[in-house]
Amino acid sequence: MVTDSSKTTMDSWKDKERYVRILHDAEAGEYGVLAVIAYNIEQIVGFVRAAEQSRSPLIIQFFPWAIDATDGLLVRTAADAASRATVPIAIHLDHAQSEEIIKHAADNLPFDSIMIDMSHHEKEVNLQKTRELVEYCNRRQIATEAEPGRIEGGEDGVMDTAGLEACMTTPEEVDEFVGTGVDALAPAFGNIHGEYGPRGPQLDFQRLKMIHRKARGRVSLALHGTNGFSPETLKKCVEAGVSKVNVNKLVLEDYYEHFNSNAGKMPHTQLIEVGIQNVADLTSYWMEICGSTGKAGGYF
């Protein structure tokens, strides 16, 4: 049982917790912070280089796949790079969808935050499991994110929910999930994981603004499902109240195009070095779009 005094003790660490502070400052400054998915060490190097060059805060995140495939090595590598950086960088586990992987990550790996994604369950089960696992993470001074509603689709490294009914987030659900103690919410407002198809994103910005009015000052909002977004669409999401901007393809497409076009046509070391710079350049571009360029001051 968590008493009032123990809850105060648990919450006090959040004043200095990197993930929480990055998002709090972003909301106060009305800009977005990129939360970039990394699949290998070259991408980690490129992301950190972009943050340093742009003087921008950054969140590097991993799907649970990275824990299983590399025995946590990629996560530890990113945490080491973050500790050496001169800008604030948090390490986040995205879409952790089982109690086992969440507890393993919280107990054994250097995550600043974990997304407790129970959205594949019905709402009441989602709320119950989220509440229990938030407390588990908080006792280990790890911040948390959750998904009220259900964002349809899937990405490389995360469960596909295409067979489940997508559910738009309601303002009432914001209150319910705030009650679990999470630090960030990933609302469903027409956004999907994966590709949007020929019509492109069909986003309910009025819903997003309504959710932000409910959430403001209580939890930060995380944007999921940005593949194919235009700069204008991303700016509009930030203006509507999003603080954490999850990106995958947006910052990696130049990297993969380079590797697909040049593998076997240039020295391997050059292939890697150019790939790293491709990641850095495209990430810096989207940092500028989100408004986080130059916002790293005051952390160190």
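This passage looks at how aromatic rings pair with one another, and with charged side chains, in a predicted model.

A good place to start is the overall tally: 7 aromatic pairs were found in the model. One of them joins two neighbours in the sequence, tyrosine 255 and tyrosine 256. Their ring centres lie 5.0 Å apart, and with 80° between the planes the arrangement is edge-to-face. The two partners differ in their surroundings: tyrosine 255 is buried, since its relative accessibility is 3%, whereas tyrosine 256 has a relative accessible area of 34% and is therefore partly exposed.

Tyrosine 255 also takes part in a pair with phenylalanine 259. Here the rings are tilted, with 40° between the planes and a centre-to-centre distance of 4.7 Å. Both residues belong to helix α11, which covers residues 249-262, and because they are 4 residues apart, about one helical turn separates them. Phenylalanine 259, like its partner, counts as buried; its relative accessible area is 16%, and the limit for this class is under 20%.

Elsewhere in the model, aromatic residues gather in a group: Tyr39, Phe63 and Trp65 make up one aromatic cluster.

Charged side chains meet aromatic rings as well. Arginine 140 is placed over the face of tyrosine 136, with 3.6 Å to the ring centre. In another such contact, lysine 295 has its charged end over the ring of tyrosine 31, at 5.3 Å from the centre of that ring.

Terms used
Residues are numbered from 1 along each chain as its sequence is written. This is a predicted model: local features need pLDDT of at least 70, side-chain atom pairs count only at pLDDT 80 or more; totals for chains, interfaces and linings use all residues. Side-chain values use heavy atoms; hydrogens and water are left out. Rings of Phe, Tyr and Trp (its six-membered ring) pair if their centres lie within 6.5 Å; planes under 30 degrees apart count as stacked, over 60 as edge-to-face and the rest as tilted. Buried means under 20% relative accessible area, exposed over 50%, partly exposed in between (1.4 Å probe, protein chains only). Helices (H or I, at least four residues) and strands (E, at least two) are DSSP runs, numbered from the N terminus. A charge sits over a ring if NZ of Lys or CZ of Arg is within 6 Å of the ring centre and within 35 degrees of the ring normal.
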